[in-house]
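Visitor: Could you take a close look at one part of this model, and set beside it what the predictor's confidence says about the chain?

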Amino acid sequence: MTDALRDTLQQSLGTAYRIDRELGGGGMSRVFVAHDMALDRDVVVKVLSDEHTGGLSSDRFRREIQVIARLQHPHIVSILSAGGADGALYYVMPYVRGETLRARLSREGSLTVPDTVKLLRELLDALAFAHDHGVVHRDIKPENVLLEAGHVVVADFGIAKALRESGNMTSVGIAIGTPAYMAPEQATADPTVDHRADLYAVGVLAYELLVGTPPFVGSTQQVITAHITKPAPSVQLRRDDVPDALAQLIARALTKEPSARPQSAREMLTALDTVLTPSGTRTAAATAVAGAGLATGRRRWPLVAALAGVVIVAGAVFALRGRSAAPRVAAGAELIAVTPLGAVSDTSLTRLGQDLVVTLSANIDGVGSVRSIDAATLLMKSRHSASPMPLADAQSLARELGAGSVMTGTLIRENNQVRASVVLYRVGTDSVLAKASVLAPSNNIAALTDSLTWAVLRQVWRRGTPPSPVLAGLTTASFDALRAFLDGERKFQRLNVDGALLEYRRAFELDSNFVQAYLRFDYVNEWNLRGADALVHQRLLALKSRLPERERLWVETREHRLPVPQAVAEWKALAQQYSDYPPFLMEAADPIIHFGPVYGIPISEARPLLDRLDQLVPDHADTKMHQAVERLSGGTPLQAADAMAKAGAMSTGAWGELLSLSADMMRAREIGSPMPTADRAVDLARLSSKEAASEPAWLLITGYSTFKPVAPERQLEMLSRAREAGFLSGDIEKATNVAESDFRIARGDWAGALTAARRMEASTLPAALRLSAARVATLGAWLEAIEPAVADTVVRRAMAGGLAGTDTRSRVELRFLDGLVGTIFGDEPRVRSAIRLLFADSALLSQHTGRTLSGLWLARIAPDVAADSLRAVTEDVMQRGAYIMAAEAVGRFVITRALRKRGDAAAVERYLMWTDGGMNTPAEWTTLRTVLPIVQFERGSAFDAAGNREAAIIQYRRFVELYDQPPPAHRAMVEEAKERLAVLEKSDAPRTQAVPKRRTR
């Protein structure tokens, strides 16, 4: 259509309608608002692109529209007239003043069950009427469902049929519709498609209304393949408040065989009547089962067309004609491992051989039923292999990764071009599934990749026509962008975060559609605790449909932002489904490592995930570092030291030095060898101070010589030497007081720790760090290690000085600390004021904290009742998150002491193991370090009382080995721990129920 179309259309409409403005459209149509001169009303004129309607008879189209125009129903937008203009077809409809269902979904994400049922009833009422009159819609989707005065009005009824009957479209195997909503028989251009295809589309739409996304998303090929071959996931896996009756109805509508679906819209209407009745509501058991299910994404499928759907040539996509004729590939080709292509007689081609692993893997992944092993995994596992890789080694590597076939190949220079040759072998045999060779310039990634992929797919396909892969839609056709991307991968592998981010940025600046580069930048940036780059994140979301399925799922699942338990469940499910894809394994392990114990998830649950990662990417420093953090809590000191050493050897810069120094200090402490020199700590501080200037994570770490106190007296000396060196200054120097405070509390020097923490008050550090003094003072006062009057002074100064600033979390925490000081003094008005302020904020964070403070005040007069109240709060926190760690720490002390008093010491661990987490945010980190020694004593006492000798020894030993300068109130505690430790170490006999002699507040 040309820009002159409006004038031509006006001529065709004559004086009956006056075109006023263009409303929109896109892709395959343009939409104009016109005025009906005779009836003085606005109408809509939709013009269909001549690109897609060329050759169709406008007279026949008009005759077909006349039949459809007889549909007069309150939920159907009627057709007023039709014709042709400038080679394009158009039709006229009343102007509906409202919005499309797509607009509402874009605004709200998903709808309530009652709203969904109401919309479905009106939609099915319209379909029932149309079907009774022999008209099938063929393109039910949110864009064609209009909302006027709260009611459904369906547009474009019968347009698909009118197009089909106006020319020879059926003869070339064209499927008309929108991929995300197509029934299997419709996607394969089955000529017997009937009204039951509309019912399938209603099932898809119902799923999207409840979940926010259709059941199948991805590229056009992936979506169509899924509709044809994959069972639709239960809507209850994504939303647990969906009544059973509604879930069952949607499942029936989404069955592949039309005969298994409801047989009419009226049948579906009848079934809907049961949905909101008591018998149709969801059972608790069903809800519990569904709650453990896998989410597949909440983002919406992009608008693919604005006509009566996308016109897809089925033969060009899959050439599937029968519902049972899904394409099949040769046995073994379902999962392919692409190994680096070996450079023959020209080592300058070695890098190209590695590059092609990325592009070939991305190109074949998700094509029909074919998947590929993650390219990063392959490259890491094969980095030490010979080039060309011997077939036996390639077979062994593919078998280890679970692949059914392995692709090997060579690169040979021929004048100014390169010949790339590949062979696909079935794993475990000499059977060749495919061979291919292509000659192209060495910098033409697209030509090399697409030609090889297409040749291989044609040979492994056993039924139907294989889809044609297009590299440009999956990775990048830019040689330089791919090189930059892979350089970024290699740098992050060694934890060179700044270098990796620069390379990823260079990659997507060279190719603005290189979605994998945006994805890795976004992930590594978040890994580094930086605020999200909004522009990069928005571009990633805009391009995510280009990604292969597993990468798209990675993007979408990261967007869910669920509480830790639900997030871990989602990532574990994905990790089980894609056990060869490292990002899913790390996404499942990471929240367990850092915060799982806070939510009642033992840190040990991360170990199998990390072990699998270690098999897949054995040389990745991030995996090794997470293994080291897990071993710090769940292993022996020497195991932790070994893991730290491996991580340090694989890392670069400050990370490498911190991990290596941590390993050496832990090993020296354990075996009694000399400690590393102070010079190493000075070198580390110099490196980390440079990192801290741009990386928030290093503000917490600068000043540490290990990840946790190992030999605090020696570590204090090292920190003093680093400060004397003179390169620490400003807020970075003040941030080293986090480490000093930690080292001093580890020894029991609470007064020295408070002095160190107070040095951060007058700074521009984040509010969570500036509140460290208030945190140490108040928690210390509650634990009887610091005088309450001192805590009162520190907290009042923090409040008067506005140390919380505009940080909501810090403001809530400061209110809690003020209330806790009031609780210690028995100052009821002060406590009530803090509780009132907390409850005045409706945010869950403030509500949880207010409930905790109320429980602590109640503990003064009714300890048992208070413990149960606090336990309820903590259990809620464990499910939904939103907590202040200082409040949780105190509340969990009260809970665990009540449990031991009741003789339920075995239950204590659930509430005290939170200190195992490798917390990496300032408030959580500093709170953990403040109370860790006392938690170790409490855990030791609980394990001892429960008869868990080995666990009790570990906790008592960690406590007494470091806590050598206890305040007066804790001296009896230290002596008791030493006595109990001596008894436990001498005897293998089970211990009786022992209750510690000394209690803190």
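Guide: Over residues 468-473 the pLDDT (the predictor's confidence in each residue, from 0 to 100) stays under 50, and for this stretch the model has 18 contacts (heavy atoms within 4.5 Å) beyond four places in sequence. This is a predicted model, in which local features need pLDDT of at least 70 and side-chain atom pairs count only at pLDDT 80 or more, while totals for chains, interfaces and linings use all residues. Residues are numbered from 1 along each chain as its sequence is written, and side-chain values use heavy atoms, with hydrogens and water left out. The chain has a mean pLDDT of 83, with 86% of its residues at 70 or more. Residues 278-327, however, have pLDDT below 50, and the model gives this stretch 166 contacts beyond near neighbours in sequence.

For the close look, turn to strand 7 (residues 145-148), strands being DSSP runs of E of at least two residues, numbered from the N terminus, that pair if DSSP finds at least two bridges between them. Strand 7 runs antiparallel to strand 8 (residues 151-154), to which 4 bridges join it. Within this pairing, V145 stands opposite V154, and L147 has V152 as its bridge partner. The hairpin that the two strands form has 2 residues between them, and there A149 takes a positive phi near 55°. Strand 7 also pairs with strand 6 (residues 99-100), again in the antiparallel sense, over 2 bridges, where T100 has L146 as its bridge partner.
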